[in-house]
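Visitor: Could you take me through the ligand site and the empty spaces of this model?
Guide: Certainly; please bring up the structure and we can begin.

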Amino acid sequence: MYKSIDTECVQSGYAPANGEPRVLPIIQSTTFAYDTPEEMGALFDLKKEGFFYTRISNPTSDGLEKKLTALEGGSGAMTTASGMSATALAIFNLAAAGDNFISVSTIYGGTYNLFNITLRRLGIDCRFVSNDTPAEQIEKLVDDRTRAIFIETIANPAGVIADFGKFAAIAEKYGIVLICDNTIATPVLCRPFEWGANVVVHSSTKYLDGHATSVGGIIVDGGNFAYKGNPRYPLFNAPDESYHGLVFADAGKSAFILRVRTVINRDFGAVMSPMNAFLTNLGCETLHLRMQRHSENALKLAIAMKKHPAVEWVKYASLEGDADYGRANKYLKDGLAAGMVSFGIKGGREAAAKFQKELRLFRIVTHIADARSCVLHPASTTHRQLSDADLAAAGVPVNLIRLSVGLEGIEDVLQDVIGALDASQK
Ligand SMILES: *Cc1c(COP(=O)(O)O)cnc(C)c1O
């Protein structure tokens with residue numbers, strides 16, 4: 001609607017009528033009152049828009065959903081309890097036991113577990129490929145029960161940039177829904193629908209909130225996939241017995257988001273609280289400014305680190321010469337690659353521990369993507385049960401340290417990290 005995404009960040013979503021609160025209000029109510037049973041009935045029949053129960057929708061969440069719809073350029077959105085639930089519900093909306101989908105393996109660790117363990121237990125088979133697997137090989141994994149292809153714009157923590165061109169072409173050729181986890185890029189740096197994605201999922205816990213206050217997620221519908229008559233999507237084309245015979249494909253542009261809200265999350269109930277929707281919406285109002293600054297700080301730090309003798313390697317897609325540099329410049333706005341930088345420290349576990357103890361600004365946390373800089377050493381925390389060999393196989397070498405560069409002044413960021421690198425070798 002606006003020319004600039006900066007304006008969408010600030011203004012989109014909630015628009016007060018005359019005399020209403022200027023700021024998106026927190027409607028902390030589970031339920032909504034009506035004068036007649038007929039009015040409430042019309043809401044249940046989807047004949048009228050409105051709120052009746054916060055598990056289905058809520059005015060505060062609705063404001064955030066409308067903002068993300070505008071930011072991503074989609075047709076509708078649904079907030080969820082977390083990023084994990086956004087991904088799980090998106091898959092459940094397309095696939096049932098006996099179905100399968102294809103995913104890149106360089107994805108968020110929690111998503112990898114969901115796909116590799118939990119969904120398999122439920123009979124949904126994930127076929128992993130790498131971002132670099134040739135198209136012909138990926139196509140061999142497609143059969144008539146393949147329901148989705150899953151990619152991550154900027155992989156956490158691998159830092160790999162999704163090969164949108166390749167995956168979108170396969171999805172289009174076979175009429176398969178392309179789902180993209182856009183958490184780390186955010187719509188400010190990449191709008192996956194413009195590169196062929198059909199569904200976007202987010203952990204809003206990260207940059208959208210941006211201040212580490214609220215776990216949450218959101219699913220955005222691109223409104224750009226034809227479910228009607230596509231034999232891959234019986235769930236959309238057969239009358240839904242749990243929704244008095246509705247054929248969701250008939251809903252056209254909002255088929256995906258309508259079904260995930262009124263069937264899947266009606267049954268799973270993984271909803272975002274109004275309070276978290278309020279805080280996340282507030283975060284989104286400054287997202288454009290923050291993504292710029294996170295990215296600029298991260299690039300300056302990555303350049304300085306690359307020259308440091310205690311650093312074996314740095315992975316950051318906007319670094320010239322990086323394996324993902326070309327894709328970063330093609331798919332990310334101005335080649336900006338957000339605030340997550342990984343590097344390998346010389347001296348293994350011992351140096352990694354020294355480095356972290358020396359840091360003052362960067363605190364040790366299991367998080368990324370908030371205003372405050374932070375650090376995580378997977379081998380001694382999230383991946384500590386793995387042997388050195390298992391770590392290497394998982395693409396998380398024992399000396400890998402993940403930094404999330406915050407919004408502080410770059411002088412302080414540099415001093416903290418370079419000082420700790422110096423000390424790590426003593
Ligand atoms: C954190 C994260 C998730 C999971 O989100 P939660 O809000 O923690 O459930 C999914 N994808 C990516 C890329 C993430 O960074």
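**Pockets, ligand and cavities**

Guide: With five residues, α5 gives the most to the lining of the largest pocket. Helices (H or I, at least four residues) and strands (E, at least two) are DSSP runs, numbered from the N terminus. The model is predicted: local features need pLDDT of at least 70, side-chain atom pairs count only at pLDDT 80 or more, and totals for chains, interfaces and linings use all residues. Residues are numbered from 1 along each chain as its sequence is written, and side-chain values use heavy atoms, with hydrogens and water left out.

Visitor: What volume does the largest pocket have?
Guide: Its volume is about 1100 Å³. On a 1 Å grid over the protein atoms alone, a pocket is an open set with protein on both sides within 12 Å along at least five of seven lines, a cavity is a set of points where a 1.4 Å probe fits but cannot get out, and lining residues have an atom within 4 Å of a point. Grid points are joined across faces, edges and corners, and a volume is the space filled by probe spheres set on the points.

Visitor: Which residues are closest to the centre of that pocket?
Guide: Of the 45 lining residues, those are Ile107, Tyr108, Gly109, Asn156 and Pro157.

Visitor: Now the ligand. Where is the space taken by it?
Guide: That space is the largest pocket. A molecule sits in a pocket if more than half of its atoms lie within 2 Å of its grid points.

Visitor: How many residues surround the ligand?
Guide: There are 13, and the closest are Gly83, Asp181, Ser203, Thr205 and Lys206. A residue counts if one of its heavy atoms lies within 4 Å.

Visitor: Which polar contacts involve side chains?
Guide: A side-chain N or O atom of Asp181 is 2.7 Å from a nitrogen atom of the ligand, and one of Lys206 is 2.6 Å from a ligand oxygen atom. A polar contact is a pair of N or O atoms within 3.5 Å. The protein covers 93% of the 380 Å² of accessible area that the ligand has on its own, by the Shrake-Rupley method with a 1.4 Å probe.

Visitor: And how many cavities of 30 Å³ or more are there?
Guide: The count comes to three. The largest holds about 70 Å³ of space, and 13 residues line it, with Thr54, Ile56, Glu65, Thr79 and Val271 the closest to its centre.

Note on methods. Polar contact = N/O pair within 3.5 Å; in protein donor to acceptor, adjacent residues only side chain to side chain.
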